[in-house]
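Got your viewer open and a hand on the mouse? Let's take a walk through this chain, one selection at a time.

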Amino acid sequence: MKQFVLSLSLLALFSMAFGQGKPDWLQKVDPYLLEKTASGQSAQFLILLAQQADLSAANDLRTKDEKAIFVYQTLRQTAATTQGSLQSLLAQNGATFESIFIVNAIKTSGNQALIAQIAQRPDVALLAGNPNIRMEGPMEKLAAPAASEKVLIEWGIDMINANDVWAMGYRGQGVVVGGQDTGYDWSHPALKNAYRGYDSVTDAADHDYNWHDAIHSISPLSGSPDNPCGLDLTVPCDDNSHGTHTMGTMIGLDGENEIGVAPEAQWCACRNMERGNGSP
């Protein structure tokens, strides 16, 4: 299952990043986190537990619904049965925390003394920093083609030979693409008809289960207390335009202009960056 592979990949990635040859608990701790707490300060971090959910049995289930229910319940159960002792330790130390179950982890804050105490536990695999990160902007901004220069197949589509796959009859039919980015302008003419929540017959949209806003606060990197879209949105909005652009790359179709790699796919999405800023 993808989730199991993701967990293993995270373990491998963090292990390589933290390096070997360090004594005892230090091998489990992100150097960034040690640096941020070197002078007695507290920092926010993620505790990745050693036990991760085994989702391999989902391969034996027949339907998508059966697989989804099994994966969801197994992830929740794994977190519930393995995090209790660690949560009690955090509570005893006066640390606030948030349980995470998609990867079995806990988000919390603390100083180096608490970090050392947690890292020495056998049920803890790794401690990673949770810094605020700014999305890289485009290297070069090209002017949009004039109306007379409009192309039917985009340069990128041609470069990856997606149009050759289209000629075989595969254009994304029956596929739902999920996006996570700065948000989305769902009513953009290249995206609207493919939005899973849109009914072209009634020209109305239902955003339930088609959109989720994970932005509940302003990032300290944004430099302004006012987000142009707002927070906790029930209707898709893009506060940076990056998400709208990337979804266009995936499924965009504007009349005859075939922008996206899978122009007949549908899409659903979430916003997980506040104006291009966020944290792990």
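How many bridges pair β1 and β4, and in which sense do they pair? Find the two strands and check: β1 and β4 pair over five bridges, in the antiparallel sense. Before going on, bear in mind that this is a predicted model.

**Stop 1: the whole chain**

Colour by secondary structure. The protein chain has eight helices and 13 strands. It has 280 residues, and 38% of them count as buried. Look at contacts between residues with a separation of 6 or more: 71% of those in this chain join residues 24 or more positions apart.

**Stop 2: the antiparallel sheet**

Now select β1, β2, β3 and β4. They form an open sheet with antiparallel pairing, in the order β2-β3-β1-β4. At the edges you'll find β2 (97–100) and β4 (124–129), each of which pairs on one side only. Tilt the view and follow the twist: neighbouring strands here are turned by 25° against each other on average, direction ignored.

Zoom in on β1, residues 43–49. Six of its seven residues are buried, so β1 is largely enclosed by the rest of the structure. On the β4 side, click I47, which stands opposite L127. β1 also pairs with β3, antiparallel, over six bridges. There, A43 of β1 stands opposite G110 in β3.

Move on to β2 and β3 (residues 105–110). Four bridges join this antiparallel pair. Pick out E98, and you'll see it stands opposite K107 in β3.

The loop between β2 and β3 holds V103. Is V103 buried or exposed? Its relative accessibility is 12%, and the cut-off for buried is under 20%, so V103 counts as buried. While you're here, select R76 too: V103 and R76 are 27 residues apart in sequence, with their C-alpha atoms 9.8 Å apart in space.

**Stop 3: two helices side by side**

Show α4 (residues 84–92) and α5 (residues 112–119). Two packed helices are described by the angle between their axes and the distance between the axes. For this pair, the axes come within 12 Å and cross at roughly 160°. Angles over 145 degrees count as roughly antiparallel, which makes α4 roughly antiparallel to α5. The crossing is right-handed.

Turn on side chains to see who makes the contact. From α4 come L86, L89 and L90, and from α5 come L114, Q117 and I118. Sorted by class, that contact has five nonpolar residues, one polar residue and no charged ones.

**Stop 4: the parallel sheet**

Next, select β6, β9 and β12. These three strands make an open sheet with parallel pairing, in the order β6-β12-β9. β6 (176–181) and β9 (211–213) stand at the edges with a single partner strand each, so one side of each has no neighbour in the sheet. The average turn between neighbouring strands of this sheet is 15°, direction ignored.

Follow β6 along β12 (residues 266–271): six bridges pair them in the parallel sense. V176 has Q266 of β12 as its bridge partner, and G178 stands opposite C268 in β12.

Which residues of β6 are on its covered face, and which on its uncovered one? V177, G179 and D181 are on the covered face, while V176, G178 and Q180 are on the uncovered one. In a regular strand the side chains alternate between the two faces of the sheet.

**Stop 5: the helix on the sheet**

Add α8, residues 242–251. This helix packs on the sheet, touching β6 and β12, and its direction makes about 155° with that of β6. Highlight G243, T244, T246, M247, G248 and I251, which are buried residues of α8. The buried residues of this helix pack against β6, β10 (253–254) and β12.

Finish with H242, also in α8. Its relative accessible area is 27%, so H242 is partly exposed. Setting aside neighbours within four places in sequence, H242 is in contact with M135, D181 and T182. One last pair to select is H242 and G137: they are 105 residues apart along the chain, and their C-alpha atoms are separated by 9.0 Å.

Conventions. Residues numbered from 1 in each chain as written. Predicted model: local features only at pLDDT ≥ 70, side-chain atom pairs only at ≥ 80, totals over all residues. Heavy atoms only, no water. Axes fitted to C-alpha atoms, helices over the stretch in contact; angles between N-to-C directions. Parallel < 35°, antiparallel > 145°, perpendicular 65-115°, else oblique. Left-handed = near helix turned anticlockwise from the far one by under 90°. Contact = heavy atoms within 4.5 Å. Nonpolar A, V, L, I, M, F, W, Y, C, P; charged D, E, K, R; others polar. Pairing = 2+ DSSP bridges. Buried < 20%, exposed > 50% of the residue type's maximum accessible area, 1.4 Å probe, protein only.
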